Amino acid sequence: MADSTDAGEEALRRLMATYQPSFLAPNPALSETARAASRHLFSALRPFCPKSPLDQLLVDGFDAEQIWQQIDLQSQPLLSSLRRQVKHFAKNPKEISQLKVVPLGKKVEKEQEEWMEESDGFDEELEDDEEGEEKGEEEEGMEIEDEAEEQGGESGSEEESEEEDEEENGEDGEAGGGGIEDKFLKIDELTKYLEKEEENFENAEKDMRGKKDDEEDTEEEDDDDDDEEEEESDEDAEFGFADEDEEAEDMENARYEDFFGAKKGKYSKQKKAQLRQDSESSDDEDDDMEFKKQNKGTASTHQKQLEKIQSKIEQMEKANLEPKTWTMQGEVTAAKRPKNSALEVDLDFEHNVRPAPVITEEVTASIEDMIKKRITEGHFNDVQRAPKLPSKAPREVKELDDNKSKQGLAEIYEQEYVQKEDPTSAPLSFKDEQKQQASVLFKKLGLKLDALAHFSFAPKPVIEDMSVQINVPALAMEEIAPVAVSDAAMLAPEEVFDGKGDIKEETELTKEERKRRRANKKRKFKAAAVKKTGKKVQEVHCLTK
Amino acid sequence: MQSNMPLSSMEVEAAPSEAKLLPPKPKFEPLKAHEMSDGQVQFRKVSVPQHRYNPLKKAWMDIYTPIYEQMKIDIRMNLKARKVELKTRPDTPDISNLQKCADFVHAFMMGFDIIDAIALLRMDELYVESFEIKDVKTLRGDHLSRAIGRLSGKGGKTKFAIENATKTRIVIADTKIHILGSFANIKIARDSLCSLIMGSPAGKVYSKLRAVTARLAERF
């Protein structure tokens, strides 16, 4: 056992002494030492937890996760027991003084051991995680920090304050959880702070009791979250609850400088220089994230804004480096963009076509009204036939005369000759004759129509026409009767018709009369025929003779 | 010999040397009808068909007067032989007169009117062309009758239309067709008549006639 303890302490010391970056590379020797150290610590803490099922930390052939679980198995009840003890001490402050009899260093050592155990546990996990995944030291530091917070969250305010220091230690990243003595964490300062806290506890017991329970519960719930802000806020809230107003204000206004006393700028630069040496670009990002988290711990609103802008800028720079989406590129053919992607994007292009009208009842009613109005007005948009322009003068169509020509052939040729010789003496063509006849007819008709109307009276045109009129009276007296009255009406019946005897209608005739009429007709016809062919008969007679 | 001599004197000198060889160019008057054929009289005899006998009788004086008075041709009717005889007189100016008169009488015998036939006497370039329907197309029976009917038209209007359009005179005597007029006009009339015989409707013939006559008129 002594050997083992010695070996364990040896292992611890060796871990402390190792060059930090060597933890990044998988190193079996280091892992062995780490395991040994954690086993030592485990066994050191074993007497404090009676209920622990494990007597010894089993490390041979075990996974990091398994080792951690074992540690957790032991530490969980241990922590709860510690809490109970703290509560007990809070109730009975006298016992604290009794405890105080025990040298503080021992207690501190205990705590430190605890701390070491935890941190070693973190170390191991760190190394084992290195084997499993590629994580930066800082990330591990992050984890350590988180885990410290988790565990710290369960513990009392003292331990919380310790853990705050622990966090800061973890943020450092340099220690990797292994270094207790640091420029940040100094044991003397720690002891002073602890005393101060104890005084605070004595003063505000009741408040602590009441509110701590609630906060512990919330913190337990938040254990699973890696949200520092929540925990920080919880811590801040706790601080606010725990302390008096002044202290609360002080704690609220606690700044980085209060704890570390060094400027952020320097620190961050130092840190960054170190980090860049060691890590890759992804690690840088992690560093940045760490920095942010670090800063957020004591950040003002302006700084927060700056951080936001910074993150935005980084995002935009990243986007600029990447190739643009197809919507941002210039001319994109269908082959260059994913299938059916144009459907999802809201494309904007000019529509040169008027959109189709939506047919509603009002629209139809208006159209129908217009139709009715147009019909009543008689105003239609009929297509008018375009007037055909005369391309050339209409050729004079020569009318063919069907009648026997009155002139002999000789006369025709004579006329033609005369026309050729003297073009002016053109005879009246057949067309002109027709025209003349038509004009005469129309004049007659016009006169009759005017007479009917009597409005636009025109006197009878003088047509010089020699004709024998039978029924004209010897004396022509001026008649006052209107022109429309025909001459037949003027005349007396005897003047109109001079016939003899009894004039019978066609239907009135008897059969004999009809026969007689026919016989008369025949006789007349025969006589006329004889007259016509009289000469012929005579000639025939002559010839035959 | 001497270059100074004028041309005329040279000609004069040359002329008498050749004068004896060539006599002066004689100038003859055209022969009179009588003098032709060694002073014998020229005859033309035109037979008279049965159906033209009476019309001839009626129009005898119209025939006789222009022939005797203006053409200076003797004309007489030989009743026994049923022929019209024409003879030149001593004072007949031109031998063509006789032929013209013969043609005139012949045209009358074909069926043309006097007033139309007279044109033959007055104009030189008028001719008479005759052809038969069967020369154009062989038609029998009703077809023939219909063809004849087509040629004349209702009341003769188609025939008159052709006559008026082409300045000709047409005589349709059963199956014989005689056309009197100038050469080009006869051609047009003949084409129209042939198309009618072949069967084209009158309207078509009219339209063709119109086009042709318009073209003819434009030419002058």
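Here is a chat about a predicted model with two chains, A and B.

Colleague: Hi! Before we get going, what kind of model is this?
Modeller: Hello! This is a predicted model, so everything I tell you is computed from predicted coordinates.

Colleague: Good to know. What secondary structure does chain A have?
Modeller: Chain A has 23 helices and zero strands.

Colleague: And chain B, how many helices and strands are there?
Modeller: Chain B mixes the two, with eleven helices and six strands.

Colleague: How much of chain A is buried?
Modeller: Chain A runs to 545 residues, and 29% of them count as buried. In chain B, which has 220 residues, the buried share is 37%.

Colleague: What about surface area?
Modeller: About 40,000 Å² of chain A is exposed, with carbon and sulfur atoms supplying 54% of that. For chain B the accessible surface is about 13,600 Å², and 55% of this belongs to carbon and sulfur atoms.

Colleague: Switching topic: what share of the contacts in chain A link residues 24 or more positions apart?
Modeller: Counting contacts with a separation of 6 or more, 60% in chain A are between residues 24 or more positions apart. The corresponding figure for chain B is 57%.

Colleague: Now the interface, please. How much area do chain A and chain B bury between them?
Modeller: About 2,000 Å², and 59% of that is on carbon and sulfur atoms. Three residues, Leu400(A), Leu409(A) and Tyr413(A), supply 34% of the area that chain A buries against chain B, more than any other three residues.

Colleague: Nice. Why quote an area at all?
Modeller: Because the size of an interface is often given as the accessible area lost when the parts come together.

Colleague: Fair enough. How many residues does each chain bring to the contact?
Modeller: Chain A brings 17 residues and chain B brings 25 residues.

Colleague: How many salt bridges are there between chain A and chain B?
Modeller: Three. One of the pairs is Lys404(A) with Asp113(B), whose side chains meet at 3.7 Å, N to O.

Colleague: And polar contacts?
Modeller: Ten residue pairs are in polar contact across the interface of chain A and chain B, counting pairs with both residues at pLDDT 80 or more.

Colleague: Which helix gives the largest share of chain A's side?
Modeller: That is helix H18 of chain A, residues 409-421, which contributes six residues to the side touching chain B.

Colleague: Last one: which classes of residue make up that side of chain A?
Modeller: Where chain A touches chain B, there are six nonpolar, four polar and seven charged residues.

Note on methods:
Residues are numbered from 1 along each chain as its sequence is written. Chains are lettered from A and ligands numbered from 1 in the order in which they are written. This is a predicted model: local features need pLDDT of at least 70, side-chain atom pairs count only at pLDDT 80 or more; totals for chains, interfaces and linings use all residues. Side-chain values use heavy atoms; hydrogens and water are left out. Helices (H or I, at least four residues) and strands (E, at least two) are DSSP runs, numbered from the N terminus. Buried means under 20% relative accessible area, exposed over 50%, partly exposed in between (1.4 Å probe, protein chains only). Contact means heavy atoms within 4.5 Å. Accessible areas come from the Shrake-Rupley method with a 1.4 Å probe; for residues, only the protein chains shown count as cover. Buried area is the accessible area (1.4 Å probe) that two parts lose on being put together, summed over both. A salt bridge is a side-chain nitrogen of Lys or Arg within 4 Å of a carboxyl oxygen of Asp or Glu. A polar contact is a pair of N or O atoms within 3.5 Å; within protein, one must be able to donate a hydrogen and the other to accept it, and residues adjacent in sequence count only if both atoms are side-chain atoms. Ala, Val, Leu, Ile, Met, Phe, Trp, Tyr, Cys and Pro count as nonpolar, Asp, Glu, Lys and Arg as charged, and the others, Gly among them, as polar.
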